[in-house]
Amino acid sequence: MSAPTPPAAVPVRHVTSGGTRVYTLSVPAFPHFAANIFLVVRGERAAPTYTALVDTGGSHEASTAALETGLDTIRAEYGEAWSWDTLNRVVITHPHPDHVAGLPHVRRRTTAPVAAHAGAVPTIENPAGDPVARQAEMEEHIRWLGLTGDGTEAEYAERLRRRARNTMLPEAIQVHTSLNDEDVLDGVFAVIHTPGHEGSQICLRVDDLLLSADHLLPRNSPPLMPERFQRGAGLRHYLASLDRIEALEGVGVALGGHDGPMVHWQGRIQQLRDRYADKLAAVLEAATTPITLHDLTHALHSRLRPLQAILLLDQTAALAEYLTAHGGLSETRREDGAALFQRTLL
């Protein structure tokens, strides 16, 4: 017999300086990993003039059920007379499965138009893409990472092949509004393009509140992959986006795509900068002789857990890419196509 599903947490409400109510719903996007969905409401609680859903969680039943329960709780506990029939907008911050995969479920419940960054539209409207081209790109990436041997190299290569076969959401959904940096959506959301974690990621400002997606999180640094594999990804873009967000004035609280609110969000930005400076220094220290990204990942993480392996391999590649572009590492190629990185002698 399976264990009973724990009751959903009561959504947390934030009220902006302009009176907009923003409710945070935490849903199980993956096993043992929750993501935040936001319901944004304007107008009187008994008769809202505008309601929007920001992100949609995962596609599996536990996630969609938690979304439905959370939305029902907002109606029952807070008296918000929102409904699927009168929902005005669905916004996707970035096309990763813990934020977009629940979109087909939401589409079956509402006809509200979907908005996403222009760079995310192809993924949402055609999630299958070109499978042949995607697999070919992944094979080249596998060679570049140095995953051409046996043991963990073969294991990681197969996991990356499986990742290339997966799609971000289970079916195609039309995007009605293509967003770009500095757009204002529906007179409510100021759009800020923040590439790095994902090339088409956006943050959304509502009055003095920032929905910071996975760009700014209270407990973790977001996973990065190299820009050579995904346009707009990588540490160069991520650090520039941190600068962009830090320059915002008048923001009192930031709500990320995971975990709780950030009141001291600018201090969190500095913590992330410091963390990446330490990671870059560790890469330089480890790359005294030519080394593949697979071996460099294991040198940096001697107690690497299998669950973390691919994300840390992505991160190591992003760090090495950044250092190479800034002259800290040199990159050569092995005969099998594997990249070899070595600290530059200054």
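Asp55 is buried in this predicted model, with a relative accessibility of 2%. This residue belongs to the loop that runs between strand S4 (47–54) and H1. Its backbone also deserves a look: phi of Asp55 is near 70 degrees, which is a positive value in a residue other than glycine. A second aspartate invites a side-by-side reading. Asp186 is not a glycine either, and has a positive phi of about 60 degrees. Asp186 sits in the loop between strand S8 (184–185) and strand S9 (189–193). Here the relative accessible area is 36%, so Asp186 is partly exposed.

A third aspartate, Asp85, is found in the loop that links helix H1 (61–78) with strand S5 (89–91). With a relative accessible area of 75%, Asp85 is exposed, because exposure begins over 50%. From Asp85 to Ile202 the distance is 26 Å, C-alpha to C-alpha, and the two residues are 117 residues apart in sequence.

The strands towards the start of the numbering can be entered through Arg13 and Thr24. Arg13 is part of strand S1 (residues 12–15) and is partly exposed, at a relative accessible area of 35%. Leaving out residues up to four places away in sequence, Arg13 touches Arg21, Val22, Tyr23, Arg45 and Tyr78. Thr24 is placed in strand S2 (residues 21–30). Its relative accessible area is 14%, and Thr24 is therefore buried, the limit being under 20%. Between Arg13 and Thr24 there are 6.5 Å in space, C-alpha to C-alpha, for a separation of 11 residues in sequence. Thr24 can also be placed relative to Gly70: the pair is 46 residues apart along the chain, and the C-alpha atoms are separated by 8.9 Å. With residues up to four places away in sequence not counted, the residues that Thr24 touches are Pro11, Val12, Asn36, Ile37, Phe38 and Leu255.

Attention now turns to the nonpolar interior. The largest nonpolar core contains 47 residues, and Leu235 and Trp265 are those with the most contacts inside it. Two or more residues of this core come from each of H5, H6, helix H7 (235–246), helix H8 (265–286), helix H9 (293–300), helix H10 (309–325) and strand S15 (339–343). The most is given by H10, with 10 residues. Once neighbours within four places in sequence are set aside, Leu235 is in contact with Leu224, Tyr276, Leu280, Ala318, Leu319 and Tyr322. Another core, of 29 residues, lies apart from this one and includes Leu53, Trp82, Ile92 and Ala112.

Three helix pairs show how these elements are arranged. Helix H5 (residues 131–145) packs on helix H6 (residues 152–165) at an angle of about 155 degrees, and their axes are 10 Å apart. An angle over 145 degrees counts as roughly antiparallel, which means that H5 is roughly antiparallel to H6. From H5, the residues Arg134, Gln135, Met138, Glu139, Ile142 and Leu145 meet Ala157, Leu160, Arg161, Arg163, Ala164 and Arg165 of H6. By class, the residues of this contact of H5 with H6 are 6 nonpolar, 1 polar and 5 charged. The crossing of the two helices, H5 and H6, is right-handed.

In the second pair, H8 and H10 pack at an angle of about 80 degrees, with axes 10 Å apart. That angle makes H8 roughly perpendicular to H10. On the H8 side the contact involves Tyr276, Lys279, Leu280, Val283 and Leu284, and on the H10 side Gln315, Leu319, Tyr322 and Leu323. The contact of H8 with H10 has 7 nonpolar residues, 1 polar and 1 charged.

The third pair is H6 and H9, which pack at an angle of about 105 degrees, with axes 11 Å apart. H6 and H9 are therefore roughly perpendicular to each other. Thr152, Glu153 and Tyr156 of H6 make this contact with His294, Asp295 and His298 of H9. For the contact of H6 with H9, the division is 1 nonpolar, 3 polar and 2 charged residues.

Conventions:
Residues are numbered from 1 along each chain as its sequence is written. This is a predicted model: local features need pLDDT of at least 70, side-chain atom pairs count only at pLDDT 80 or more; totals for chains, interfaces and linings use all residues. Side-chain values use heavy atoms; hydrogens and water are left out. Axes are lines fitted to C-alpha atoms, for helices over the stretch in contact, and angles run from 0 to 180 degrees between N-to-C directions. Helices (H or I, at least four residues) and strands (E, at least two) are DSSP runs, numbered from the N terminus. Angles under 35 degrees count as roughly parallel, over 145 as roughly antiparallel, 65 to 115 as roughly perpendicular and the rest as oblique. A crossing is left-handed if the near helix is turned anticlockwise from the far one by less than a right angle, and right-handed if clockwise. Contact means heavy atoms within 4.5 Å. Ala, Val, Leu, Ile, Met, Phe, Trp, Tyr, Cys and Pro count as nonpolar, Asp, Glu, Lys and Arg as charged, and the others, Gly among them, as polar. A nonpolar core is a set of buried Ala, Val, Leu, Ile, Met, Phe, Trp, Tyr and Cys residues joined through side-chain atoms within 4.5 Å. Buried means under 20% relative accessible area, exposed over 50%, partly exposed in between (1.4 Å probe, protein chains only).
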